[in-house]
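Okay, thanks everyone, I'll keep this short. I want to walk through the empty space in this one, and then stop at a single residue.

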Amino acid sequence: MNIYQWFIFFLGIQVIHYLGTWKLYEKAGRKGWEAGIPIYNSIVLMKIINRPTWWTVLLFIPIINLIMFPVVWVETLRSFGRKSSLDTLLGIVTCGLYLYYINYTQEVQYHPERSTTAATRTGDTVSSLLFAIIVATFVHTYFIQPFTIPTASLEKSLLIGDFLFVSKMNYGARVPMTTVAAPMVHDTLPVVHTKSYLKWPQLPYFRFPGFEKIKKNDIVVFNWPVDTVEKFFDTSGRKADKPVDKKSNYVKRCVGTPGDKLAIKDGIVFINDKELIFPERAKPQYSYKVAIDPNAPIDFDSLIKELDITDRFGINNLRDTIYFSALPASSVARFKSVHGIKSVTRIIHKEVDKTIFPHTQNWNVDNFGPIYIPEEGKSVAITMESLPFYSRIITEYEHNKLELKGSDIYINGAKTKSYTFKQNYYWMMGDNRHNSEDSRYWGYVPEDHIVGKPIFIWMSWNSNGVGIMNKIRWNRLFTTVSGEGQPQSYFKFFLILLGAYFVGEYFWKKRKADQK
């Protein structure tokens, strides 16, 4: 929905509210017309139901308002003496339309001094639970979101089983575009495994200002633009058609920002003709061929365990050669130091791979480009040769109509030889270079797909560990994701603060008891 459509929709909601409540406003000692003035009617209604004025704000926050609307319907009914369980049920299941019945057919009396405190323990529990859900949803949507690392594409930097906190504030919190959705879940409801949202209505893209821009080498969480995860396909085998903010969450390293020229030469990323230098914490990995002396007494099992190399990296044996699909520089240096290993050679792909973006060039994962990363407001020439790079941007991400008529290109019905981008784009790649489905396969990441920045690992779970103590990666608990130097765990400081809290609470309660 565009802004004009949302304006009409908003006015429609105001008309529905006015027609269903104006007589109730009058019975509460207000003017009937006050029910028809947008926003002001909500402020007046909060006074009628004896609730704080700031509740009005919650009615206009996407997702949170889905929780608040039923609360306000029930509170309105109770303010006019309709307190039975049946009234509550009818108010909710009719989406508030039960108020029409009360408004036009029932002689109800307004109770301005009614108590807003729950009369039963059950009611108090429900009220507390709703408040907790609202607060948690607000924090989850606009401040911090938990996230789990699902794949090995950033292995060594972020591990499978790392549980992260992702900041929405660093790059600016994105207002949910999908307005009807279950709180604090992504695209699927747990247990029942069904869709957690409705595609309509959709809000236009809007992002609050952040306090930093995405920089090269930042690790970023984003909605996967092509979202081709098999489990999200429908029954006919087609890719699920999901709203932007409900596409699968992905995490990669940003290696190219808007306006950059990017190329990959023998697996090394070059930005604007200069090699991209990784931060110290990054652990880029490449495939290697290790040639060994078959007569040398090498204990490979112990060596592989020492280097924390597991079978998920793909270890293939071939007589006197071992192939590794992912080794960081530290492991390469260790192999080179072992007596009996004749050589360690990085494998560089040379063959043409048409699965590589834009699927028309003679490129592969290790030799790619150069390409231009689109920047908002900048224009590029559109030709039959350049079109494959930008066609998805033009149609899918920026919602234009693209037509080819012979050798001529039409956008929104007009013949064109150039295109001006409406938003910024980024190039995301995994550090595990030969085990990462990233921008090399599906292209640019639009700015409106950006979710946030991982800032903190609060738990790390190794499913291959034996015993609970070995399943938890203790050295990764409470470590920051970004920063200079090697990661440092702050878990001991957390334990100290937690202990201080409980000790302080004990003495505070003891002091209060002694004063009595």
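Before the cavities, one bit of vocabulary: when I say helix, I mean a DSSP run of H or I with at least four residues, numbered from the N terminus. And keep in mind that this is a predicted model.

So, the general idea first. Roll a probe the size of a water molecule over the atoms, and you see where empty space is left.

Let's take the enclosed spaces. How many cavities of 30 Å³ or more does the structure hold? Two. The largest cavity has about 40 Å³ of space in it. Which helix gives the most to its lining? That's α10, residues 387–397, with five residues. The full lining is Phe357, Pro388, Phe389, Arg392, Ile393, Tyr397, Trp442 and Tyr444. By class, that's seven nonpolar, no polar and one charged.

The second largest cavity comes in at about 30 Å³. Around it you'll find Thr21, Leu24, Tyr25, Leu45, Ile48, Thr76 and Phe80. Two elements, α1 and α2, give two or more residues each to that lining, and α1 gives the most, with three. The class split here is five nonpolar, two polar and no charged.

Now keep α1 in view, please, while we go over to the pockets. The largest pocket has a volume of about 1300 Å³. Its lining runs to 35 residues, and Phe9, Ile13, Leu59, Asn65 and Phe69 are the ones nearest the centre. The elements putting in two or more residues are α1 (3–27), α2 (40–48), α4 (64–79) and α6 (98–105). Where does the largest share come from? From α1 again, with 11 residues. If you're thinking about the chemistry of that lining, it's 25 nonpolar, 10 polar and no charged.

Last stop, the residue I promised: Asn424. You'll find Asn424 in the loop between β17 (418–420) and β18 (425–429). Buried or exposed, then? The relative accessible area of Asn424 is 14%, and the cut-off for buried is under 20%, so Asn424 counts as buried. What does the side chain of Asn424 have for polar company? One of its polar atoms lies 2.8 Å from the backbone nitrogen of Glu376. Leaving out residues up to four places away in sequence, Asn424 touches Pro258, Pro374, Glu375, Glu376, Val445, Pro446 and Glu447. So Glu376 turns up in that list of contacts as well.

That's me done, over to you.

Notes: Residues are numbered from 1 along each chain as its sequence is written. This is a predicted model: local features need pLDDT of at least 70, side-chain atom pairs count only at pLDDT 80 or more; totals for chains, interfaces and linings use all residues. Side-chain values use heavy atoms; hydrogens and water are left out. On a 1 Å grid over the protein atoms alone, a cavity is a set of points where a 1.4 Å probe fits but cannot get out, and a pocket is an open set with protein on both sides within 12 Å along at least five of seven lines; lining residues have an atom within 4 Å of a point. Grid points are joined across faces, edges and corners, and a volume is the space filled by probe spheres set on the points. Ala, Val, Leu, Ile, Met, Phe, Trp, Tyr, Cys and Pro count as nonpolar, Asp, Glu, Lys and Arg as charged, and the others, Gly among them, as polar. Buried means under 20% relative accessible area, exposed over 50%, partly exposed in between (1.4 Å probe, protein chains only). A polar contact is a pair of N or O atoms within 3.5 Å; within protein, one must be able to donate a hydrogen and the other to accept it, and residues adjacent in sequence count only if both atoms are side-chain atoms. Contact means heavy atoms within 4.5 Å.
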